[in-house]
2 protein chains.
Amino acid sequence: MYRIGIDLGGTNIKVGLVDEEQKIVQEEFTPTRAERPAEEVIADIAKVVSDVLKDQKIGFDQVSGVGIGCPGMIDAKNGTVPYSNNLAWEQVPFVDLLKKYLQQECVVRISNDANCAALGEAKAGAAKGVDNVVLLTLGTGVGGGVIIDGKIFEGAHAGGAELGHTSLIYGGEMCTCGRSGCVETYVSATALIRDAARAAKENPGSQMNRLMEENDGQMNGKIPFDAMQQGDETATAVVNYYFDYLAEAIANFVNLFRPDIVLLSGGICNQGSNLTDPVNERLKKLCFGGEKSLIPPVRCATLGNSAGILGAANLIDA
Amino acid sequence: MYRIGIDLGGTNIKVGLVDEEQKIVQEEFTPTRAERPAEEVIADIAKVVSDVLKDQKIGFDQVSGVGIGCPGMIDAKNGTVPYSNNLAWEQVPFVDLLKKYLQQECVVRISNDANCAALGEAKAGAAKGVDNVVLLTLGTGVGGGVIIDGKIFEGAHAGGAELGHTSLIYGGEMCTCGRSGCVETYVSATALIRDAARAAKENPGSQMNRLMEENDGQMNGKIPFDAMQQGDETATAVVNYYFDYLAEAIANFVNLFRPDIVLLSGGICNQGSNLTDPVNERLKKLCFGGEKSLIPPVRCATLGNSAGILGAANLIDA
């Protein structure tokens, strides 16, 4: 049997047909155009699903279900989207609508996109075969996905497992969620770029500032690491603070979920062991119970942009 | 059928016989004397269990199992205590030992004491009939228990659900766990007493300082609330900071577990709605998704010292 995995984002709808070996047989996308009513977006999803099946000459009887990873607050139990900032949606009965547009009897399930990324890595990526996984997506914000006993843990109701929206430094940097000092405001790529740009401006003679100026005055998530490798003290300080924040946030999630492994994803993972080695080293001193407890390794995710489709497909049993 | 619930603490072992109506039919205790080898403590537990059953003229065939709430890091899956600071235990195969000393075929289960308190409140106390509960015990430290779908959520391995050992203010007050700025260091009764004593000394003319001096120079968790009610500005500031910290910590756990209700326990709960009203008010502005999400009410636990026995008994199905 095949499964359909859908990675619904603010820019594109990505649809993949996934086989029993966790391979994406065909992948198609269409622009989301999120300014439209939710019904139109969902009708487009149904159309792409239908096109992919036609291309592959596969009938709906060979599909065990359709899974969707969606940004925002998702009510997985009821199959609805109470609120999605990226899509400007409120109270969208997603599963019921998609079933209507598919015009087929079909299992349809939905979860948060970061949850799906974690599930994808646990079933087909860096944590393949591992039952208990915490994944942090380090991007514009910080998404979090928790897998316990091979299943997504979302808390009891919509709006749980929001790992990025827990305190790191109460009273600190303002967060998009309305609070201040959330993990997201210190551990996201956005946060690293903010702190690096500030430090570069305060230290105009630093190599990090020179690299920023050579990049049309724009900081990015790679420059601080590059400058650090060139021996720049300003960059080294910024990156070490980032490692401290990240290890501290991960220790919180270890003390709550005690997984077998912690995965990181996002562009910053291009740093590989330059990122994970110092974080693993710091983590040893931070977990409750110390050496008497299971301290999970921190590694980089491996599925990249495919994690969303594969995770969504795995909302449906293979 | 009856169940035995055991509340094992650093000072006393409390054993209760619990009936199907969640009533404690008989309760006995004996000193823990934790300086002894674990085997002797466990043998004593078995003896008290046996004594209670004899007293009640109840045979082991009328007991569906024995549950234990134990301080420290508990491996509930394997029935062991990898580490308990209060008992000075390491790697104690608790369930196997107790089964041996009971000399009876019997279901024996163990969990962390705060987990048991949460389960007790969910089955027989302030959250009776509620499936999804977060409980914080505000004492010397901060214990945390999470109930999801009527069952204790402990994370994947021993050392999860340690709610008190997650960040509130990274780099803040030193925590007993070795990190700094944990929830425990701002939200425990110990933390309130520390902050109140500091503020009283810094403001010798305050009513809070007068009340502390009248109490032989000792601060406690009641004085700040008393002084606040008498209009003392110093006390009001301390208590309001405490409310801020507590609401912020609760918002973290709402964003992770999204329970139906949050319970608080410990001596500080004698303040009742003087504690919960301001915390509930603050919480409205802090939860991810705001009004679009389920914001659980914060209430005080009601079982008091019985929560441990009742929770432990409920590790066994009624």
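How many residues does the contact take from chain A and from chain B? The contact takes 46 from chain A and 46 from chain B. Before I go on, keep in mind that this is a predicted model.

Okay, so let's stay with that interface for a minute. Chain A and chain B bury about 4,000 Å² between them, and carbon and sulfur atoms give 61% of that area. If you want residues to click on, try Tyr170(A), Leu256(A) and Phe288(A): together they supply 19% of what chain A buries against chain B, more than any other three residues.

Now, how are the two chains related? In general, you describe two copies of a chain by a rotation about an axis and a shift along it. Here, a turn of 180° with a shift of 0.0 Å along the axis lays chain A on chain B, and the RMSD is 0.0 Å. So what we have is the relation of a two-fold axis. Looking for the axis on screen? Go to Ile169(A), whose C-alpha is the nearest to the axis in chain A, at 2.1 Å. And both copies use the same surface, since 100% of the contact residues of chain A recur in chain B.

Right, on to helix packing inside chain A. For a packed pair, the description is the angle between the axes and the distance between them.

Let's begin with α5(A), residues 189–202, and α8(A), residues 233–257. Their axes come within 10 Å and cross at roughly 150°. An angle over 145 counts as roughly antiparallel, so that's what we call α5(A) relative to α8(A). The crossing is right-handed. On the α5(A) side you've got Leu192(A), Asp195(A), Ala196(A) and Ala199(A), and they meet Thr234(A), Val238(A), Tyr242(A) and Tyr245(A) of α8(A). By class, that's six nonpolar, one polar and one charged.

α8(A) has another partner to show you, helix α9(A), residues 273–283. Here the axes are 9 Å apart and the angle is about 55°, which makes α8(A) oblique to α9(A). This crossing is right-handed too. Among the α8(A) residues in this contact are Tyr242(A), Phe243(A), Leu246(A) and Ile250(A), and the α9(A) side includes Leu275(A), Pro278(A), Val279(A) and Arg282(A). The full contact has 10 nonpolar, two polar and two charged residues. Notice Tyr242(A): it touches α5(A) and also α9(A).

Last pair: α3(A), residues 113–124, with α10(A), residues 306–313. The axes come within 7 Å and cross at roughly 80°, so α3(A) is roughly perpendicular to α10(A). From α3(A) the contact uses Cys116(A), Ala117(A), Leu119(A), Gly120(A), Glu121(A) and Ala124(A), and from α10(A) it uses Ala307(A), Gly308(A), Leu310(A), Gly311(A) and Ala312(A). That splits into seven nonpolar, three polar and one charged.

Technical notes: Residues numbered from 1 in each chain as written. Chains lettered and ligands numbered in written order. Predicted model: local features only at pLDDT ≥ 70, side-chain atom pairs only at ≥ 80, totals over all residues. Heavy atoms only, no water. Axes fitted to C-alpha atoms, helices over the stretch in contact; angles between N-to-C directions. Helix = DSSP H or I, 4+ residues; strand = E, 2+ residues; numbered from the N terminus. Parallel < 35°, antiparallel > 145°, perpendicular 65-115°, else oblique. Left-handed = near helix turned anticlockwise from the far one by under 90°. Contact = heavy atoms within 4.5 Å. Nonpolar A, V, L, I, M, F, W, Y, C, P; charged D, E, K, R; others polar. Least-squares fit on C-alpha atoms with pLDDT ≥ 70 in both. Buried area = accessible area lost by both parts, 1.4 Å probe.
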